[in-house]
Amino acid sequence: MKQAELKCLILGTRTLAVEIADIISELPNVQLAGFVENMEQQKCEKTLENLPVYWIDDAAKLSKTHCAVCALATTHRKRFIEQVSAFNMPFATIVHPTARISAKSSLGEGTIVSAGVIIGAYTNIGRHVIINRGALIGHHTKISNYVTIQPGANIAGLCNIAEGAYIGMGAIVLDRISIGTHSIIGAGAVVTKDVPDNVQVIGIPAKIVKENIEGK
């Protein structure tokens, strides 16, 4: 019996949304049905990728027939996700065909895994995580909800990345390191010791340059 095709909506209308649309185009049994906007209603007057752009209120009537993923690189995408969750819309988990995820690891709902990603064994990826192109995640690592991992980042084994953290492009996180809630790891940084909550670190080795931030 042929598997039913999922009708999927992308939350967001910026460039990352178009990239996620490209990933979905390569997935069997997933049909991209359009995009959802929650800030600039005038965007709903035009199509994107030849598909409709729905206003956030329209998600209520679509929730029984569609699922969603959120394509906002900011870890503050939580607000948009909660708006749509209030309509009881389910969330899809999107994995590019070229990604390699250990069968002993797990992915939460709404998570997006892009091309070339490798995830080691016994690793737990939370809900609504974005793992961008070519990122590497080691074994026995925990990635909490709403984390963003940018292209080429390398997170080693036995790490703990707390909710809403942002790991910049090409950053390296060494073994057994913990990254605090909503903290930002700058592009190319090498993290050699634990990072507390709500700070930004950059450099080799990574050092705190801002405190009391609210994520990215």
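In this description, buried means under 20% relative accessible area, exposed means over 50%, and partly exposed lies in between, with a 1.4 Å probe and protein chains only. The structure is a predicted model, in which local features need pLDDT of at least 70 and side-chain atom pairs count only at pLDDT 80 or more, while totals for chains, interfaces and linings use all residues. Residues are numbered from 1 along each chain as its sequence is written, and side-chain values use heavy atoms, with hydrogens and water left out.

Helices (H or I, at least four residues) and strands (E, at least two) are DSSP runs numbered from the N terminus, and two strands are said to pair if DSSP finds at least two bridges between them. An open sheet of 6 strands, with parallel pairing, follows the order E6-E9-E12-E15-E18-E21. Strand E6 (100-101) and strand E21 (190-191) stand at its edges with a single partner strand each, so one side of each is left without a neighbour in the sheet. Within this order, strand E9 (residues 118-119) is joined to strand E12 (residues 136-137) in the parallel sense over 2 bridges, and Ile119 is found opposite Ile137 of E12.

Further along the chain, strand E22 (residues 199-202) pairs with strand E23 (residues 207-211) in the antiparallel sense over 4 bridges, and Val199 has Glu211 of E23 as its bridge partner. The hairpin of E22 and E23 has 4 residues between the strands, and Gly203 takes a positive phi near 95° there. Strand E22 also runs parallel to strand E20 (residues 184-185), to which 2 bridges join it, with Ile184 opposite Gln200. Gln200, which lies in strand E22, counts as buried because its relative accessibility is 19%. Contact is taken as heavy atoms within 4.5 Å; apart from residues up to four places away in sequence, Gln200 touches Ile184, Lys207, Ile208, Val209, Lys210 and Ile213.

A nonpolar core is defined as a set of buried Ala, Val, Leu, Ile, Met, Phe, Trp, Tyr and Cys residues joined through side-chain atoms within 4.5 Å. The largest such core has 30 residues, and those with the most contacts inside it are Ile131, Ile143, Ile149, Ile167, Ile179 and Ile185. For Ile143, the contacts beyond its neighbours within four places in sequence are Asn124, Ile125, Gly126, Val129, Ile137, Ile149, Ile155 and Ile161. A second, separate core has 21 residues, including Ala17, Ala21, Leu48 and Val69.

Cavities and pockets were sought on a 1 Å grid over the protein atoms alone, a cavity being a set of points where a 1.4 Å probe fits but cannot get out, a pocket being an open set with protein on both sides within 12 Å along at least five of seven lines, and lining residues having an atom within 4 Å of a point. Grid points are joined across faces, edges and corners, and a volume is the space filled by probe spheres set on the points. The largest pocket has a volume of about 300 Å³ and is lined by 18 residues, of which Arg14, Asn38, Met39, Leu72 and Thr74 lie nearest its centre. Helix H1 (15-25) and helix H3 (78-85) each supply at least two residues of this lining.

In the whole structure, 1 cavity of 30 Å³ or more is found. The lining of the largest cavity consists of Leu16, Glu19, Ile20, Ile23, Ile112, Ser114, Ile130, Ile131 and Asn132. Two or more of these residues come from each of H1 and strand E11 (130-131), and H1 gives the most, with 4 residues.

Lys7 has its place in strand E1 (residues 6-11) and, at 39% relative accessibility, counts as partly exposed. Leaving aside neighbours within four places in sequence, Lys7 is in contact with Gln31, Ala33, Thr65, His66 and Cys67. The C-alpha atoms of Lys7 and Pro52, which are 45 residues apart along the chain, are separated by 13 Å.
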